[in-house]
Amino acid sequence: MNTQESMVNAFIEGAAELDEATASMIAERKALLGPAYRLMYERPLHFVRGEGVWLYDPEGNAYLDAYNNVTSIGHCHPKVVEAIREQVGVLATNTRYLHGGVLSYARRLLATMPSEVEHLMFTCTGSDANDLAIRIAQAHTGGKGIIVTETAYHGITQAVSEFSPSLGENVNLGVHVRTVPAPDSYRSGNVAEEFTAAVKAAIADLQRHGIKPALFICDGLFASDGVFDGPAGFLKGAVDAIRAAGGVYIADEVQSGFGRTGEAMWGFQRHGVVPDLVTMGKPMGNGFPVAGVAARAELLAEFGKKARYFNTFGGNAVAVAAASAVLDVIEQENLLENARTIGLHLRQGFEALARTHQCIGDVRGAGLFLGVEIVSDRARKTPDGATATRIINGLRDENVLISGCAKAANVLKIRPPLVFSRENADELIAKLGRVLQRLS
């Protein structure tokens, strides 16, 4: 398999005709940055500016961003921009010095968590956060075994890439890693029962091979597996199983956190479970690199005695100012409610399209994180990755940005900024309808 083909919605060199300027820029990028980077879409896009839900190319053409989870409160939100600008002109230093801003932010963020989660540690990225979280989990449990879903993505460090199967078959999983099928609500008769059984089987297999289970990690919406949101509460059996085996549960909230579901601040809260560790990243600083790990006190007690933790940029004063501004905006602009109401409107619009387009097999998700499963046969629920790719690139040609996910690359991954309006949603629905009509 071509390694580029293993990434959903990847640019494949030679697959589509490119204009001269784009081809030249791609060639220069490859020469300067090397071959490991990837671009999205059959015809990659060049952006020079962002504002709110829009991205702009050099000619000033506007693209509706219904995918970018990094700037989740909108591109270049003025309150975040101002917070960064003001703080960088005053102080930019690390957590080896006392700083009130770090303490204030930690207090605010932890107040959004269950009371059992008492500490916050800072990193720069979600990958860093997951790397730190597994160190803590393995130190606390004395185990090494890790359980993830079979198309999960959790990061790019050496340790984390070993349990990020979505990176493709050329990135080896660790011998201490076991994968379980995604909780496929579209095909499963009993999601909770089947998912719990799969996690228990993975635990047993680790133990049979002399590997003590350390952790089960998942994101609250199984974003890379195909966006599986429910039924709410189905995670409890899996969490109970890993704890019974002496392991811990890590909630990866990089994609499902910070109000994304519209129901609560964190994706795990939909399932009525309390994590041992919570990792966060991307939307935490709305584009400024800041991430973190929230933890139960007992997990950090021994770790803190034996391991000195320091991160040069993690938790610096500028990052914390950006993160604080994000919390301000989520609260002041009532973005949880906006995610709930606009997400419901989007879902209903997609369901209406499903009534006239047989290729839509399922519509699911929570808040402003939706998955639309594309199939070639509704009765058999046959995944159709090729049609999904055509839809994604058809929307790109309509100046709307989404992407894809799932093992068969057949699920449209729709994840607009939390400031998405009803008008934005209607434009997305209308243009998706136009693309589907062309393909029918």
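Mentor: Before we start, one definition: helices (H or I, at least four residues) and strands (E, at least two) are DSSP runs, numbered from the N terminus. The model is predicted.

Trainee: Okay. Where is Asn399, then?

Mentor: Asn399 sits in the loop between helix 11 (385–397) and strand 14 (400–401). Its phi is near 65°, a positive value in a residue other than glycine.

Trainee: Which residue in the loop between strand 7 and helix 7 has a positive phi?

Mentor: Val227 has one, about 65°, although it is not a glycine. Val227 belongs to the loop between strand 7 and helix 7.

Trainee: Is Val227 buried or exposed?

Mentor: Buried. The relative accessibility of Val227 is 0%, and buried means under 20%.

Trainee: What joins Gly230 and Pro231?

Mentor: A cis peptide bond, with omega at about 5°. Pro231 is in the loop between strand 7 and helix 7 (236–244).

Trainee: Switching to the sheet. In what order do the strands run?

Mentor: The order is 4-10-9-8-7-5-6. That makes seven strands in an open sheet with mixed pairing.

Trainee: Which strands stand at the edges?

Mentor: Strand 4 (117–123) and strand 6 (177–180). Each has a single partner strand, so one side of each is left without a neighbour in the sheet. From one strand to the next, the twist averages 20°.

Trainee: How many bridges join strand 5 to strand 6?

Mentor: Four, and the two strands run parallel. Ile146 is opposite Val177 in strand 6.

Trainee: And how many join strand 5 to strand 7?

Mentor: Three bridges link strand 5 (residues 145–149) with strand 7 (residues 213–219), again in parallel. Ile147 has Phe216 in strand 7 as its bridge partner.

Trainee: Why is strand 5 largely enclosed by the rest of the structure?

Mentor: Five of the five residues of strand 5 are buried, so the strand is largely enclosed.

Trainee: Which way do the residues of strand 5 point?

Mentor: Gly145, Ile147 and Thr149 point one way, while Ile146 and Val148 point the other way. In general, side chains in a regular strand alternate between the two faces of the sheet.

Trainee: What about strand 8, buried or exposed?

Mentor: Strand 8 (residues 248–252) is mostly covered, with five of its five residues buried. Val248, Ile250 and Asp252 point one way, and Tyr249 and Ala251 point the other way.

Trainee: How do strand 7 and strand 8 pair?

Mentor: In the parallel sense, over five bridges. Leu215 has Val248 in strand 8 as its bridge partner.

Trainee: Which strands does helix 3 lie across?

Mentor: Helix 3 (residues 100–110) lies across strand 4, strand 9 (277–280) and strand 10 (291–296). The angle between helix 3 and strand 4 is about 130°.

Trainee: Now pockets. What is the volume of the second largest pocket?

Mentor: About 370 Å³. Of the 15 residues that line this pocket, the closest to its centre are Thr95, Val102, Leu103, Leu120 and Phe122.

Trainee: Which elements supply that lining?

Mentor: Helix 3 and strand 4 are among them, each giving at least two residues to the lining of the second largest pocket.

Trainee: How many of the lining residues are nonpolar?

Mentor: In the second largest pocket, 10 are nonpolar, four are polar and one is charged.

Conventions:
Residues numbered from 1 in each chain as written. Predicted model: local features only at pLDDT ≥ 70, side-chain atom pairs only at ≥ 80, totals over all residues. Heavy atoms only, no water. Pairing = 2+ DSSP bridges. Axes fitted to C-alpha atoms, helices over the stretch in contact; angles between N-to-C directions. Contact = heavy atoms within 4.5 Å. Buried < 20%, exposed > 50% of the residue type's maximum accessible area, 1.4 Å probe, protein only. 1 Å grid on protein atoms, 1.4 Å probe; cavity = no way out; pocket = protein on both sides within 12 Å on 5 of 7 lines; lining within 4 Å. Points joined across faces, edges and corners; volume = space filled by probe spheres on them. Nonpolar A, V, L, I, M, F, W, Y, C, P; charged D, E, K, R; others polar.
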